[in-house]
Amino acid sequence: MWPFSSKGPSGFSWYSTAEEVTQGLDGSGLTAIVTGASSGIGAETARVLALHGVHVVMAVRSLSSGNVVKEAILKETPAAKVDVMELDLASMESVRKFASEYNSRELPLNLLINNAGVMGTPFTLSQDGIELQFATNHIGHFLLTHLLLENMKNTARDSKIEGRIVNVSSQGHMFTYREGIRFDRINEQSDYSSLAAYGQSKLANILHANELTRRLKEDGVDITANSLHPGSIITNLLRYHSIIDFLARTLGKLVLKNAQQGAATTCYVALHPDVKGVSGKYFDNSNIGNPSSKAKDVELAKKLWDFSMELIS
């Protein structure tokens, strides 16, 4: 018996799938944005939310890939409400355009699933001159959340339904640079580590949710913000590391999650009633987990918030 097979307090485990953790739940009347919904756990998250009646807006870099997923969802669930909109998180211009178009449609927003990401890329700067993994995984989502938050606040107030922001992080946050977030050296190339930079961006996802929680509570807003580790999953995130990718898709099948299992924690945190009122937590295997000490650093979270605001302003 695998040690990770036992169920946690939620009643779910490493093996649980997104459909299992949402069984019997009704998401009718809810509207969700899922970033990176054209493949992997993002596509599975969109499918399962739509299966439960949620109006899903797929925010994707490739409209053609997004439409393929949309058609597959509609084939399985003809009554599903699914839209596809273009979003490139590595470009602040694209994020601003997406948010403007979304708000202009006068759609409500109950759930914001910040799922998209890149992993282990060679050193590259984004269109805005920011290290690509930090730009895509954190800054893009930070700006997106910032621009959609007023909509979420209005939706929560008008509908009397709790809003939920879900940041898909990773256990990889534990393998960031020694200082956690390299504020003064975010674009330093000389000692760049693709995996440490990934860890830095995933640490930022957790710190973002934690500081957002503190601010939302101060404002008395009925919106929660949580982060999570989806599990080690066989996805195209590993495409920049060919040897690791090969091992993951062969031997890794014995110990890595598939997309159905990988999307479970996201769907659990987004929809399950047991998570109502829970905010500022880090989830793992559809249970509350224990992130690194840096992820719990309140002052680091505040500093990251200010740093991120400067970058997007």
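Let me start at the N-terminal end of helix α10, where aspartate 297 acts as the cap, with a side-chain oxygen that lies 3.0 Å from the backbone nitrogen of glutamate 299. I should say at once that this is a predicted model, in which local features need pLDDT of at least 70 and side-chain atom pairs count only at pLDDT 80 or more, while totals for chains, interfaces and linings use all residues. Residues are numbered from 1 along each chain as its sequence is written, and side-chain values use heavy atoms, with hydrogens and water left out.

Helices and strands here are DSSP runs, H or I of at least four residues for helices and E of at least two for strands, numbered from the N terminus. Helix α10 covers residues 298-312, and because the expected span is 1.5 Å times one less than the number of residues, its 15 residues should span 21 Å, which agrees with end C-alpha atoms that are 21 Å apart. Its buried residues, where buried means under 20% relative accessible area, exposed over 50% and partly exposed in between, with a 1.4 Å probe and protein chains only, are Leu300, Ala301, Leu304, Trp305, Phe307, Ser308 and Ile312. These buried residues pack against α4, α5 and α6.

One of those residues brings me to the aromatic pairs. Rings of Phe, Tyr and Trp, the last taken by its six-membered ring, pair if their centres lie within 6.5 Å, and planes under 30 degrees apart count as stacked, over 60 as edge-to-face and the rest as tilted. By this rule the count comes to eight aromatic pairs. The rings of phenylalanine 98 and tyrosine 102 have centres 6.3 Å apart and planes at 20°, so this pair is stacked. Both residues belong to helix α4, where they are four residues apart, about one turn of the helix, and both are buried. Phenylalanine 134 and phenylalanine 307 make a tilted pair, 6.3 Å centre to centre with 55° between the planes. This pair links distant parts of the chain, since phenylalanine 134 is in helix α5 and phenylalanine 307 in helix α10, 173 residues apart; both rings belong to buried residues. There is also one aromatic cluster formed by Phe12, Tyr268 and Phe283.

Now to the sheet. Two strands pair if DSSP finds at least two bridges between them, and here eight strands form an open sheet of mixed pairing, in the order β3-β2-β1-β4-β5-β6-β7-β8. Strands β3 (82-86) and β8 (287-288) stand at the edges with a single partner strand each, so one side of each is left without a neighbour in the sheet. Strand β2, residues 55-60, runs parallel to β3 and is joined to it by five bridges, with methionine 58 having valine 84 of β3 as its bridge partner. Helix α4 (residues 92-104) packs on the sheet, touching β1, β2 and β3, and its direction makes about 145° with that of β3; axes are lines fitted to C-alpha atoms, for helices over the stretch in contact, and angles run from 0 to 180 degrees between N-to-C directions.

On its other side, β2 is joined to β1 by five bridges, and these two strands run parallel; threonine 35 stands opposite alanine 59 in β2. How many residues of β2 are buried? Six of the six are, so β2 is largely enclosed by the rest of the structure. Both faces are covered, with His55, Val57 and Ala59 buried on one side and Val56, Met58 and Val60 buried on the other.

I will finish with two residues in contrasting settings. Threonine 213 lies in helix α6 and is buried, with a relative accessible area of 5%. Its side chain reaches the backbone oxygen of alanine 225 at 3.0 Å. Asparagine 290, by contrast, lies in the loop between β8 and α10 and is exposed, with a relative accessible area of 54%. A polar contact of 2.6 Å joins the side chains of asparagine 290 and lysine 296, a polar contact being a pair of N or O atoms within 3.5 Å, of which, within protein, one must be able to donate a hydrogen and the other to accept it, and residues adjacent in sequence count only if both atoms are side-chain atoms.

Note on methods:
Contact = heavy atoms within 4.5 Å.
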